[in-house]
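Let's take a walk through this model, starting with the overall picture and then stopping at a few residues along the way. Keep the viewer open as you read.

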Amino acid sequence: MFCFLTVCIAVQISFLLYLLDQPWYVHVETTLSELTEGSMEATYIFLLIIFQMTFPAIVYTMDREPVFKNRFMLSLIAVLYTVNTYFDIFPDKLVIQIFEFNVSPSMWFRVQVILISLANLLINIIVEIIFIINRPKN
C-alpha cells in the first residue's frame with residue numbers, strides 16, 4: 001500500500017506542476033475555500049483522483065483472483081471510467097455548474113489527463129509486480 005500511495009502522490013504532484021506550466025494557465029491568488037471551489041487545480045486533481053481510487057481494485061487483485069473475472073466489478077469500473085472520461089473531455093454546462101469545474105481550454109490537455117491516468121495505472125501495476133508479487137517468500 002505504501003508503494004501505491006507513493007506513486008499516486010508523485011503523479012498528483014507532477015501533474016499539478018505540469019498544469020501550472022501550461023501557457024493558458026493563469027494563476028489566481030485564492031483563499032483555501034476558493035481553491036476548492038471551481039479552481040482549475042481542484043478540477044483536474046479531482047478528475048485524476050477518481051481514476052486513482054479504482055486502481056487498488058485492479059492492481060491488488062493481480063496475485064489473487066483478477067478483477068476481470070468479476071464481471072460486476074469490471075462493469076462498475078467501466079461505467080466509472082466512461083463517466084469520468086466524459087466529465088474530463090466533454091463536460092456539458094450542467095456538469096460544470098454542479099461540480100464547479102474550471103475546464104481547460106485545451107482539448108489536448110484534457111486528453112492528457114486520461115493518458116496520465118493510464119500511465120499511472122501501468123506504473124502501479126509494474127510496482128505491484130516488482131515489489132509485491134515477486135517478493136521472496138519466507
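Start with the inside: of the 138 residues in this protein, 36% count as buried. Bear in mind that you're looking at a predicted model. As for the fold, there are 6 helices and 0 strands, so the cut-and-dried reading from the N terminus on is α-α-α-α-α-α, going by DSSP runs. Now take the contacts between residues at least 6 apart in sequence: 70% of them join residues at least 24 apart. On the outside, the protein exposes about 8900 Å², and carbon and sulfur atoms supply 71% of that.

Let's stay on the outside for a moment and turn to helix α1, which covers residues 2–20. Which residues make the nonpolar surface patch of about 460 Å²? They are Leu5, Ile9, Ile13, Leu17 and Leu20. Pick out Ile9, which sits in α1. Its relative accessibility is 47%, so Ile9 counts as partly exposed, since that class runs from 20% up to 50%.

Next, go to helix α3, residues 40–59, and find Gln52. Is Gln52 buried or exposed? It's buried, because its relative accessible area is 1%, and the cut-off for buried is under 20%. So what does this polar side chain have around it? Leaving out residues up to four places away in sequence, Gln52 touches Phe4, Cys8, Val11, Gln12 and Asn120. Cys8 deserves a second look: its backbone oxygen lies 3.4 Å from a polar atom of the Gln52 side chain.

Now for helix α4, where a quick check on geometry is easy to do. The helix has 19 residues, 71–89, and at 1.5 Å a residue these should span 27 Å; the end C-alpha atoms are 26 Å apart, so the two agree. If you're wondering how 19 residues give that figure, the expected span is 1.5 Å times one less than the number of residues.

Which residues of α4 are buried? They are Ile77, Tyr81, Asn84, Phe87, Asp88 and Ile89. Tyr86 is in α4 too, but with a relative accessibility of 35% it counts as partly exposed. Not counting residues up to four places away in sequence, Tyr86 touches Pro91, Asp92 and Val95.

Note on methods
Residues are numbered from 1 along each chain as its sequence is written. This is a predicted model: local features need pLDDT of at least 70, side-chain atom pairs count only at pLDDT 80 or more; totals for chains, interfaces and linings use all residues. Side-chain values use heavy atoms; hydrogens and water are left out. Helices (H or I, at least four residues) and strands (E, at least two) are DSSP runs, numbered from the N terminus. Buried means under 20% relative accessible area, exposed over 50%, partly exposed in between (1.4 Å probe, protein chains only). A polar contact is a pair of N or O atoms within 3.5 Å; within protein, one must be able to donate a hydrogen and the other to accept it, and residues adjacent in sequence count only if both atoms are side-chain atoms. Contact means heavy atoms within 4.5 Å. Patches are made of residues with over 30% relative accessible area and no salt bridge: like charges are joined within 9 Å, nonpolar side chains (Val, Leu, Ile, Met, Phe, Trp, Tyr) within 5 Å. Accessible areas come from the Shrake-Rupley method with a 1.4 Å probe; for residues, only the protein chains shown count as cover. A salt bridge is a side-chain nitrogen of Lys or Arg within 4 Å of a carboxyl oxygen of Asp or Glu.
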